[in-house]
Amino acid sequence: QRVSLSAVDGWNPVARSEDLLALDEALAKLEKADPRAARVVELRFFGGLREEEVAEALGGGVITVKRDWRAARAWLVGRLSSGRQGAL
């Protein structure tokens with residue numbers, strides 16, 4: 001099932017093609033800092049999975065997925081915001 005990039009909780013950090021590269025770089029850094037949260041982002045944002053499906057895929061609970069999703073989004077938004085100012 002395909003889901004638009006903006007369909008996941010209304011979060012769409014990719015407005016331009018350059019933003020996709022910045023997102024990829026930030027996601028690679030997140031993966032080093034928190035591999036599970038990075039996987040949640042991949043499954044939710046790129047895979048279009050619902051929280052319940054991500055929990056099942058990762059073998060965890062929905063509450064953990066929700067927490068990881070919120071933390072990862074905040075982390076990525078911070079990196080992407082500073083990246084637009086040249087500090088990614």
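This report walks through a predicted model, starting with its confidence and moving on to helix α2, a buried salt bridge and a small charged network.

## Ground rules and confidence

Residues are numbered from 1 along each chain as its sequence is written. Because the model is predicted, local features need pLDDT of at least 70 and side-chain atom pairs count only at pLDDT 80 or more, while totals for chains, interfaces and linings use all residues, and side-chain values use heavy atoms, with hydrogens and water left out.

So how sure is the predictor? That's what pLDDT tells you: it is the predictor's confidence in each residue, from 0 to 100. The protein chain averages 80, and 73% of the residues score at least 70. Over residues 1-7 the pLDDT is below 50, and beyond near neighbours in sequence this stretch has 9 contacts in the model (a contact being heavy atoms within 4.5 Å). Among the chain's elements, helix α3 (residues 51-58) has the highest mean pLDDT, at 96, and helix α1 (residues 17-33) has the lowest, at 84. Helices here are DSSP runs of H or I with at least four residues, numbered from the N terminus.

## A look at helix α2

Helix α2 covers residues 35-46. Its length checks out: 12 residues at 1.5 Å each should span 16 Å, and the end C-alpha atoms are indeed 16 Å apart (the expected span is 1.5 Å times one less than the number of residues). After α2 comes Gly48, with a positive phi near 75°.

Plenty of α2 is tucked away: Ala37, Ala38, Val40, Val41, Leu43, Arg44 and Phe45 are buried. Buried means under 20% relative accessible area, exposed means over 50%, and partly exposed lies in between (1.4 Å probe, protein chains only). As background, an α-helix has 3.6 residues a turn, so residues three or four places apart point the same way.

## One aromatic pair

The structure holds 1 aromatic pair. Phe45 and Phe46 have ring centres 4.9 Å apart and planes at 85°, so they meet edge-to-face. For rings of Phe, Tyr and Trp (its six-membered ring), a pair needs centres within 6.5 Å; planes under 30 degrees apart are stacked, over 60 edge-to-face and the rest tilted. Phe45 is buried at 1% relative accessibility, while Phe46 is partly exposed at 46%.

## Asp68 reaches for Arg36

Which residue does Asp68 form a salt bridge with? The partner is Arg36, with the closest N and O atoms 2.5 Å apart. A salt bridge here is a side-chain nitrogen of Lys or Arg within 4 Å of a carboxyl oxygen of Asp or Glu. The pair links distant parts of the chain, 32 residues apart: Asp68 in helix α4 and Arg36 in helix α2. Helix α4 itself takes in residues 62-83.

Asp68 counts as buried because its relative accessibility is 5%, whereas Arg36 is partly exposed at 41%. Leaving out residues up to four places away in sequence, Asp68 touches Arg36, Ala37 and Val40.

## A charged trio

By the same rule, the count comes to 5 salt bridges. Some of them join up: Arg50, Glu52 and Glu53 are linked in a network. The closest N and O atoms are 3.8 Å apart for Arg50 and Glu52, and 3.4 Å apart for Arg50 and Glu53.

Are these three buried or partly exposed? Arg50 is partly exposed at 48%, Glu52 is partly exposed at 43%, and Glu53 is partly exposed at 29%.

Conventions: Helices (H or I, at least four residues) and strands (E, at least two) are DSSP runs, numbered from the N terminus.
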